[in-house]
Amino acid sequence: MNNPTESQSGTAYTRQRSGFSAPSRRYVGETSDFMIEISESPGIAHISIEDLALVLRQLEANAESESTRSSTATMCVRRKSIFDTIGGLAGPPRLPDGIEVAFASLIRALDAEIVEDGEPHPVEDAIGGFVREFGARYLCEALFAAAFRPTRTASFLRLLGRIQIVPSRDRGRLVERGLASTRVEVRDAAIQAVESWHDPALVDLLMSHRDSEAWLADYAKAVAQDLTE
Amino acid sequence: MAFLARKISRAKWDPGPGPGEIRADAVTGDLRTEDDDLSMWICPQSGGLDLPSNLSDVVLALASGSKRVDKIDVAWISIEALHAQGLAPTPTAGETPVASLQDRHVDLQQLDYERLGKVARLLSSAVRNNQVQRFREKQVVSLLVEAVKRNALRPEDLQPDVRERITRNLGEP
């Protein structure tokens with residue numbers, strides 16, 4: 001604990017506080033020895049040294065009982081467990097002020113008029129403004145929440161495809177999640193978003209997609225070809 | 001025999017939860033009437049085949065009047081099938097800047113709830129029988145560019161965003 005090393009996993013990473021470059025206003029107090037950034041969603045959480053020590057002691061005990069694993073594998077498991085546990089202790093990250101209100105406003109405007117191919121939609125500019133202010137990361141989660149209507153997800157994806165400022169990394173997340181939907185409409189919209197962005201970086205996602213609907217599989221393949229020509 | 005074609009959003013016509021069910025979103029989204037009239041485009045039969053010819057003309061007519069270039073799904077039904085349901089198309093001028101296609105337009109007029117339902121059934125059946133074709137954005141651009149090149153369409157008659165896109169593509173091989 002006196003010499004914590006920076007480490008990373010798919011879900012979070014910790015750094016010794018002195019090495020963290022985030023704004024200092026993020027600190028909760030001098031007793032906080034670690035800050036945790038949950039990379040799957042925006043925000044920074046904190047964990048007390050006491051809680052972290054508790055987690056590590058528990059994991060140490062678990063690791064000793066698993067003597068058959070290689071040291072590397074054990075380290076990976078422990079590291080993942082640490083981050084999972086820290087994530088659980090820290091709870092969900094704080095959302096930027098106003099983001100939920102702004103998102104609700106987008107939904108109301110979206111519902112007021114159908115999204116139609118060949119026609120602009122009145123909410124397009126507002127979605128662009130939302131992405132400029134908050135980024136698109138929140139949308140990557142919110143549009144695919146279990147309670148969110150798939151028809152709205154499809155509409156959002158089609159409109160996001162018309163907005164070029166959506167960052168490349170978020171485009172990939174949106175398309176990936178859209179293609180994984182059980183609803184044809186959402187998968188179709190995800191492919192159309194790629195077509196509208198004209199983004200060759202997303203070709204691999206389309207090429208690796210296997211769709212149960214033949215016409216949609218053909219569409220994905222054709223769009224991928226269009227983008228590579 | 002001739003066919004009548006209409007722009008749809010194919011995914012909305014994905015079969016509903018039960019056999020023969022048509023999603024309400026398909027009807028409310030793709031069969032919106034104006035003054036109880038539903039707009040459709042005529043396609044002649046392709047030789048002896050049970051297929052429409054020049055479906056791309058319908059796409060050209062639609063895309064040239066649009067404000068954006070997007071993919072277009074077009075579904076078609078035979079005029080005979082419409083007649084069998086007691087429905088008759090009325091020729092009306094099509095709203096497209098492609099002058100040669102304006103007389104290829106018809107309206108199904110004075111539709112009510114029952115008659116619109118018949119059209120929905122015919123279109124749903126058409127989609128299930130693959131009487132639907134998707135024109136990707138790139139294909140739509142290509143149709144518009146070709147129409148401009150053969151002087152069937154003047155760029156100045158296009159909506160600003162479409163005109164900008166087509167003008168940009170005119171110089172490309």
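## Strand S5 of chain B

In this predicted model, strand S5(B) has side chains that point in two opposing directions: His105(B) and Asp107(B) face one way, while Val106(B) and Leu108(B) face the other. All four of these residues are buried.

Strand S5(B) also takes part in pairing with other strands. It runs antiparallel to S2(B), and four bridges join the two. Strand S4 of chain B, residues 89-91, pairs with S5(B) as well, in the antiparallel sense and over three bridges. Leu108(B) has a place in both pairings: Leu38(B) stands opposite Leu108(B), and Pro89(B) likewise stands opposite Leu108(B).

## The nonpolar cores

The largest nonpolar core contains 45 residues. Those with the most contacts inside this core are Leu4(B), Ala5(B), Val59(B), Leu60(B), Ala63(B), Trp76(B) and Leu144(B). Several elements of chain B give two or more residues to the core; among them are the strands S1 (2-8), S2 (38-44), S3 (72-78) and S5 (105-108). The helices H2, H4 (113-128), H5 and H6 (160-170) of chain B do so too. As a general background, nonpolar side chains tend to be buried together in soluble globular proteins.

Leu60(B) offers an example of the contacts that one residue can make. Leaving aside residues up to four places away in sequence, Leu60(B) touches Val98(B), Leu101(B), Leu143(B), Leu144(B) and Ala147(B). A second core, separate from the largest one, has 37 residues. Leu106(A), Leu110(A), Leu179(A) and Leu206(A) are included in this second core.

## The two sides of helix H4 in chain A

Helix H4 of chain A spans residues 124-134, and its buried residues are Ile127(A), Phe130(A) and Val131(A). These residues lie on the same side of H4(A) because they cover an arc of only 95 degrees around the axis. On the other side of H4(A), the residues Asp125(A), Arg132(A) and Glu133(A) are exposed.

The buried residues of H4(A) pack against two further helices of chain A, namely H3 (99-111) and H6 (150-160). After H4(A) comes Gly135(A), which has a positive phi, near 80 degrees.

## Loops of chain B

Two residues in loops of chain B have a positive phi without being glycine. The phi of Gln110(B), which is not a glycine, is about 50 degrees, and this residue is found in the loop between S5 and H4 of chain B. Gln110(B) counts as exposed because it has 11 C-beta neighbours inside 10 Å, where the limit for an exposed residue is 12 or fewer. Asn130(B), also a residue other than glycine, has a positive phi near 60 degrees. Its place is in the loop between H4 and strand S6 (132-135) of chain B. Asn130(B) has 10 C-beta neighbours inside 10 Å and therefore counts as exposed.

A further loop, between S1 and H1 of chain B, holds Gly18(B). With 6 C-beta neighbours inside 10 Å, Gly18(B) counts as exposed. Gly18(B) and Arg150(B) are 132 residues apart in sequence, and their C-alpha atoms are 48 Å apart in space.

## Contact between the chains

The contact between the chains takes 19 residues from chain B and 16 residues from chain A. On the side of chain B that touches chain A, the elements that give two or more residues are helix H1 (24-30), helix H2 (55-64) and helix H5 (137-149) of chain B. By class, this side of chain B has four nonpolar, three polar and 12 charged residues.

## Chain A as a whole, and confidence

Chain A contains 10 helices and four strands. Read along its sequence, the pattern is β-β-β-β-α-α-α-α-α-α-α-α-α-α. Of the 229 residues in chain A, 26% are buried. Among contacts in chain A between residues at least 6 apart in sequence, 62% join residues at least 24 apart.

The average pLDDT of chain A is 78, and 60% of the residues score at least 70. Over residues 1-33 of chain A, the pLDDT is below 50, although this stretch has 44 contacts in the model beyond near neighbours in sequence. The pLDDT also stays under 50 over residues 37-43 of chain A, for which the model has 20 contacts beyond four places in sequence. Where pLDDT is low, the predicted coordinates should not be read in detail.

Definitions and conventions: Residues numbered from 1 in each chain as written. Chains lettered and ligands numbered in written order. Contact = placed C-beta atoms within 7 Å. Nonpolar A, V, L, I, M, F, W, Y, C, P; charged D, E, K, R; others polar. pLDDT = per-residue confidence, 0-100. Core = buried A, V, L, I, M, F, W, Y, C linked by C-beta atoms within 7 Å. Buried ≥ 20, exposed ≤ 12 C-beta atoms within 10 Å, placed from the backbone. Pairing = 2+ DSSP bridges. Arc of directions from axis to C-beta.
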